[in-house]
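Thanks for agreeing to look this one over with me. Below are a few notes to read alongside the coordinates.

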Amino acid sequence: MADNEQINVIVSIDFSNEIMARIRAVSPLLNVEQHFPDVPDAKWKTAEVLYTVRNYPKPADAPLLRWIQINSAGMGRVLREDISKAEDVAITSASGIHVTQIANYCLMMILAFHYKLPTMLDFQRQGKWADNQYEIFRPSDLKGKTLGLVGYGSIARETARLAQAFGMTVLATKHDAMTAKESDTDYSPEGTGDPDGVIPERIYPGEALATMAPECDYIVLTVPMTEQTRHMVNERVLNAMKETAVLVNIARGGVVDEKAMIKALSKGTIRGVALDVFEQEPLPEDSPLWKMDNVIISPHVSGNTDDYHEKAAELFIANLKRYLDKKPLYNQLNREAGY
């Protein structure tokens, strides 16, 4: 990008006219065109910036492309595309725009298990008033319980903030356990999370999950899916957890060894799980998880919200300004790390 040179931007998502106007208003240097659901082949030749859900050019078809902003937090889909191998093309995710929604989901699941909501609903379906209701529905105080966060990115930091408000003790694992502060290039909405990393009582390195697990009453998984995190919650970790502990997974299904988890649930090694993601999606109809009374299932919707486009556009606009100012972009792919 040369100074004062026009930048051709393709937006391949169904943003509203109002959002498109906000994007165009960022700078007169931007020539912003919206092409959705398909991008005409000829447009790839001059595109420098691409916002996309699923449309990716071949590297040879887009010689001027220098930056791709994707519409999701996960990088899995774009990493399967040839364009991801082009070292001169920056790729940025939408990580951070889901912060409040997913953190609220995590607390909802913690509260659902803590106050035995599934059991309440079971009695409701039966049309039955529990005879020993005070015994069945006698929770301990959530204050003083310990939450373990696996990964300490933007979602985990907001979950930590909410958990702290409930009086919970927070522990976390982090790839770089010696750096608690959030990176300047990790996007988080203003007023959310724990940017200075002061909430966790202890931060463990990622490989010490089995050491943290016995301390936790609830464990929430928020790590990206990489070869290093695949099946990181395995039989060893599950066996290390308290029998009364609950696992919440909003990361990716492959982070958990699903067979080992089903075995642990069947044997009562752990109390229960709340799952928004699975190794195979949609979850097969014959999966035993459907019929387990210590499992809460949602169909990969924890980050869904009615203002998703507005939040995504806010991040894109912030990144466009950084691109124009030649500053590091938010949420840029680290090809070596894989996320």
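1. A word on terms before we start: helices here are DSSP runs of H or I with at least four residues, numbered from the N terminus. With that in hand, Y115 can be placed in the loop between helix 4 (99-114) and helix 5 (117-126). Please keep in mind throughout that this is a predicted model.

2. Let's stay with that loop residue for a moment. Y115 has 37% relative accessibility and therefore counts as partly exposed. Together with L117, M120 and L121, Y115 forms a nonpolar patch on the surface. The accessible area of these four residues together is about 330 Å².

3. Now to the interior. The largest nonpolar core has 35 residues, and the members that touch the most others are L221, V233, L247, M261 and L289. At least two residues of this core come from each of helix 8 (209-212), strand 9 (218-221), helix 9 (235-240), helix 10 (258-267) and strand 11 (272-275). Helix 10 gives the largest share, with five residues.

4. L289 is a handy place to centre your viewer. Beyond its neighbours within four places in sequence, L289 is in contact with E258, M261, I262 and L265. The list of its contacts also includes L275, F278, L283, V295 and I297.

5. There is also a second, separate core, made of 28 residues; L30, I97, Y187 and Y323 are among them.

6. Helix 10 deserves its own point. Its buried residues are E258, A260, M261, I262, A264 and L265. Among the elements covering them are helix 9, strand 10 (246-249), strand 11 and strand 12 (295-297).

7. Both ends of helix 10 are worth a look. At the N-terminal end, D257 acts as the cap, with a side-chain oxygen 3.3 Å from the backbone nitrogen of K259. After the helix comes G268, which has a positive phi near 75°.

8. One last stop: is A90, in strand 5 (residues 90-92), buried or exposed? A90 counts as buried because its relative accessibility is 13%, and the cut-off for buried is under 20%. Leaving out residues up to four places away in sequence, A90 touches R66, W67, I68, L329 and Q332. For W67, the C-alpha to C-alpha distance to A90 is 4.5 Å, although the two are 23 residues apart in sequence.

Note on methods:
Residues are numbered from 1 along each chain as its sequence is written. This is a predicted model: local features need pLDDT of at least 70, side-chain atom pairs count only at pLDDT 80 or more; totals for chains, interfaces and linings use all residues. Side-chain values use heavy atoms; hydrogens and water are left out. Patches are made of residues with over 30% relative accessible area and no salt bridge: like charges are joined within 9 Å, nonpolar side chains (Val, Leu, Ile, Met, Phe, Trp, Tyr) within 5 Å. Accessible areas come from the Shrake-Rupley method with a 1.4 Å probe; for residues, only the protein chains shown count as cover. A salt bridge is a side-chain nitrogen of Lys or Arg within 4 Å of a carboxyl oxygen of Asp or Glu. Buried means under 20% relative accessible area, exposed over 50%, partly exposed in between (1.4 Å probe, protein chains only). A nonpolar core is a set of buried Ala, Val, Leu, Ile, Met, Phe, Trp, Tyr and Cys residues joined through side-chain atoms within 4.5 Å. Contact means heavy atoms within 4.5 Å. A polar contact is a pair of N or O atoms within 3.5 Å; within protein, one must be able to donate a hydrogen and the other to accept it, and residues adjacent in sequence count only if both atoms are side-chain atoms.
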